[in-house]
Amino acid sequence: AHRSIQDSIARLIPSVVTVINQHTNAPIPCALDHEGRVVGSGVIIDSRGYIATNNHVVDTPRNLRIILSDGREVPAELVAANPAEDLAILKIGLTDLPTIEWANNSQLRPGQIVYAIGSPLGDFPSSVSFGIISGLNRALEIDKYVIDGLIQTDAAINRGSSGGPLIDTHGKVVGINTFIIRESEERGIAEGIAFAIPAETAKSLLIPWIAAHTGESVPIPASEASGN
């Protein structure tokens with residue numbers, strides 16, 4: 001049966017979380033509130049408590065915590081991170097969690113409708129915004145790393161939504177939202193220019209990290225597995 005996008009979003013929201021890093025000096029892309037916290041978003045990618053987010057949200061981790069969509073707040077530990085791809089994995093002490101579903105990125109096209117979910121400004125969890133894919137294979141300099149292959153979108157991604165999912169109309173995750181350009185000295189004010197790390201790139205890092213942490217071998221995709 002065809003599921004409406006509203007149903008798909010409702011099913012996905014429990015696997016989107018708010019990430020809090022108790023901090024004093026935050027990088028620009030995050031919401032730094034009056035309590036000195038960096039606030040971002042994350043996605044549950046493994047039901048055993050593994051959550052993906054942006055590296056810049058959990059850079060120099062201090063007292064990391066996760067707020068689930070139902071309001072439960074739990075401590076989190078940093079498992080692995082890669083600043084050059086702006087990705088990180090956190091682990092919380094809960095299991096049987098709802099997880100996102102990854103999309104097949106090879107089918108992405110400019111003009112395709114997408115939705116972003118996250119906690120903009122850290123105050124509005126499970127916020128949904130809407131846009132299109134504006135471009136593919138964009139390169140962007142974040143701190144001292146150039147990240148390429150990014151998805152460009154005009155879906156509203158605000159401070160605090162970083163680390164949340166960019167999803168297609170089936171509710172599958174096409175990317176992890178990472179960065180928005182508000183203003184640059186050379187180019188002036190910008191509107192509606194945001195970037196996401198593609199699902200394929202994210203999976204290629206995140207899944208081996210989880211396997212290493214759990215002591216498992218990395219799973220072989222079903223298409224490559226021999227009949228067993």
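Which residue in E15 does Ile-151 stand opposite? The legends below, drawn from a predicted model, begin with this strand.

**View 1. Strand E15 and its two antiparallel partners, E10 and E12.**
Ile-151 stands opposite Ala-196 of E15. Strand E10, residues 145-153, pairs with E15 in the antiparallel sense, and 3 bridges join the two. Strand E12, residues 173-180, also runs antiparallel to E15, here over 5 bridges. Within this second pairing, Ile-176 has Ile-197 of E15 as its bridge partner. Strand E15 itself covers residues 194-198, and 5 of its 5 residues are buried, so the strand is largely enclosed by the rest of the structure. In a regular strand, side chains alternate between the two faces of the sheet.

**View 2. Helix H3 and the strands that cover its buried residues.**
Helix H3 comprises 16 residues, numbered 199-214. From its first C-alpha to its last it reaches 22 Å, close to the 22 Å expected at 1.5 Å a residue. Its buried residues are Ala-199, Ala-202, Leu-205, Leu-206, Trp-209, Ile-210 and Ala-211. An α-helix has 3.6 residues a turn, so residues three or four places apart point the same way. The cover over the buried residues of H3 includes strands E3 (37-46), E4 (50-53), E6 (73-82) and E7 (87-92), together with E12 and E15. Just after the helix, Gly-215 adopts a positive phi of about 80 degrees.

**View 3. The surroundings of Tyr-50 in strand E4.**
Is Tyr-50 buried or exposed? Tyr-50 has a relative accessible area of 2%, and because this is under 20%, the residue counts as buried. The charged end of Lys-91 sits over the ring of Tyr-50, at 5.3 Å from the ring centre. Tyr-50 and Ile-89 are 39 residues apart in sequence, yet their C-alpha atoms are 6.6 Å apart in space. Leaving aside neighbours within four places in sequence, the contacts of Tyr-50 include Val-43, Ile-44, Ile-45, Val-79, Ile-89, Leu-90 and Lys-91. Tyr-50 is also in contact with Ile-210, His-213 and Thr-214, and residues 199-214 form helix H3.

**View 4. Leu-64 in strand E5 and the residues it touches.**
Leu-64 belongs to strand E5, which covers residues 64-67. With a relative accessible area of 6%, Leu-64 is buried. The C-alpha atoms of Leu-64 and Ile-20 are separated by 5.7 Å, although the two residues are 44 places apart along the chain. Not counting residues up to four places away in sequence, Leu-64 touches Ile-20, Asn-21, Val-58, Pro-75, Ala-76, Glu-77, Leu-78 and Leu-90.

**View 5. The aromatic pair of Tyr-115 and Phe-130.**
The structure holds 1 aromatic pair. The ring centres of Tyr-115 and Phe-130 lie 5.4 Å apart and the ring planes meet at 55 degrees, so the pair is tilted. The pair links distant parts of the chain, with Tyr-115 in strand E8 (residues 113-118) and Phe-130 in strand E9 (residues 127-142), 15 residues apart. Tyr-115 counts as buried at 13% relative accessibility, whereas Phe-130 is exposed, with a relative accessible area of 51%.

**View 6. Confidence along the chain and the stretch at residues 222-228.**
The mean pLDDT of the chain is 87, and 86% of the residues reach 70 or more. Over residues 222-228 the pLDDT is below 50. Beyond near neighbours in sequence, this stretch has 1 contact in the model.

Notes
Residues numbered from 1 in each chain as written. Heavy atoms only, no water. Buried < 20%, exposed > 50% of the residue type's maximum accessible area, 1.4 Å probe, protein only. Helix = DSSP H or I, 4+ residues; strand = E, 2+ residues; numbered from the N terminus. Pairing = 2+ DSSP bridges. Phe/Tyr/Trp six-rings, centres within 6.5 Å; stacked < 30°, edge-to-face > 60°. Lys NZ or Arg CZ within 6 Å of the ring centre and 35° of its normal. Expected span 1.5 Å × (residues − 1). Contact = heavy atoms within 4.5 Å. pLDDT = per-residue confidence, 0-100.
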